[in-house]
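Me: I have a model open and would like to learn how to read its features one by one. Could you walk me through it?

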Amino acid sequence: MKKLLLPFFVVVSLVGIIVWQLVWSDAANYYIVSVALLVLSMIPFLLSFEGGKKSAGEITLVATMIALAVVSRGVFYLIPQVKPIAAVVIVAGVCLGAERGYIVGAFSAFISNFIFGQGYWTPFQMVALGLVGLLAGLLFKTGRVERWSLGLFGFLSAFLLYGAIVDMSTVLMTCGNNPTLASVLAVYGAGVPFSLVFGITTAVFLWLFGMPFVSKIQRVITKYDIIKNKDSR
């Protein structure tokens with residue numbers, strides 16, 4: 001049952017923010033929606049401690065990865081879409097597992113938007129970046145991590161997955177309750193260059209720095225015995 005909890009939460013969250021955007025966006029502040037997503041996303045993580053002792057080292061490592069993701073986005077503030085935040089989230093998912101990867105992605109999107117600006121797009125970015133970390137944890141759970149596979153996954157997840165979900169917020173904002181195929185295609189078409197740059201940036205950072213980063217995080221985990229089971233599903 002626990003195996004299905006996080007995927008179920010992700011699906012419900014995505015459906016929920018779409019409904020919010022269509023129906024209650026004027027009445028429900030996006031800050032409230034974002035905080036609700038953060039609180040709910042912690043449920044699977046907290047349940048992973050069931051029957052065991054909470055690890056301060058584990059919580060510290062997750063918080064450190066969130067901080068690194070936020071900083072990695074902030075230092076490239078002046079260069080549009082050239083942000084390695086997704087690369088850091090992917091490394092978090094690979095090293096810490098799917099649940100923690102989702103948390104790193106969701107929290108880093110929310111926190112870094114205090115630099116880049118909060119808005120109706122924030123909940124979509126949180127779910128999108130969280131899904132990037134979640135899928136990284138699932139896909140690399142048993143398979144061997146290699147430079148080319150990290151880079152390829154980084155490009156596809158940032159370009160296709162993240163781009164599709166975040167552009168959905170633009171569709172809902174511009175088209176409202178009456179989107180047409182032409183308007184949807186126009187929004188997604190306009191977003192392709194931005195998503196492409198973000199995908200290439202993520203792939204390049206993972207190609208150049210992904211493997212050393214993964215090795216160092218895994219070394220810390222092994223040395224201090226921080227995470228015995230990446231995903232307690």
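Reply: Gladly! Let's begin with a term: the bend at a residue is the angle between two axes, one fitted to the seven residues ending there and the other to the seven starting there. Keep in mind that this is a predicted model.

Me: Thanks. Where does H8 have a kink, and which proline follows shortly after?

Reply: In H8 the kink is at Phe209, with an angle of about 60°, and Pro212 is the proline that comes shortly after. The end-to-end span of H8 tells a related story: its 44 residues would reach 64 Å as a straight helix at 1.5 Å a residue, but the end C-alpha atoms are only 53 Å apart.

Me: What happens to the backbone just after H8?

Reply: Look at Asp225 there: its phi is positive, about 50°.

Me: Let me step back to the whole chain. How many helices and strands does it have?

Reply: Eight helices and zero strands, so reading from the N terminus the order of elements is α-α-α-α-α-α-α-α. The chain has 233 residues, and 46% of them count as buried. For contacts with a separation of 6 or more, 80% are between residues 24 or more positions apart.

Me: Now a single residue. Is Phe153 buried or exposed?

Reply: The cut-off for buried is under 20% relative accessible area. Phe153 has 11%, so Phe153 is buried. You will find Phe153 in helix H7.

Me: Which residues does Phe153 touch, leaving out those up to four places away in sequence?

Reply: Phe153 touches Ile90, Val132, Leu135, Ala136, Leu139 and Phe140. You can also compare sequence and space with another pair: Phe153 and Gly199 are 46 residues apart in sequence, while their C-alpha atoms are 9.4 Å apart.

Me: And how do I find empty space in a model?

Reply: The general idea is to roll a probe the size of a water molecule over the atoms, which shows where empty space is left. In this model the largest pocket holds about 600 Å³ of space. Helices H5 (98-116), H6 (122-139), H7 (147-175) and H8 (181-224) are the elements that each give two or more residues to its lining.

Me: Which of the elements gives the most to that lining, and which residues lie nearest the centre of the pocket?

Reply: H7 gives the most, with seven residues. The lining has 27 residues, and those nearest the centre are Arg73, Gln81, Gln125, Tyr162 and Val166.

Me: How does the lining of the largest pocket divide by residue type?

Reply: There are 15 nonpolar residues, nine polar and three charged in the lining.

Key:
Residues numbered from 1 in each chain as written. Predicted model: local features only at pLDDT ≥ 70, side-chain atom pairs only at ≥ 80, totals over all residues. Heavy atoms only, no water. 1 Å grid on protein atoms, 1.4 Å probe; cavity = no way out; pocket = protein on both sides within 12 Å on 5 of 7 lines; lining within 4 Å. Points joined across faces, edges and corners; volume = space filled by probe spheres on them. Helix = DSSP H or I, 4+ residues; strand = E, 2+ residues; numbered from the N terminus. Nonpolar A, V, L, I, M, F, W, Y, C, P; charged D, E, K, R; others polar. Buried < 20%, exposed > 50% of the residue type's maximum accessible area, 1.4 Å probe, protein only. Contact = heavy atoms within 4.5 Å. Expected span 1.5 Å × (residues − 1).
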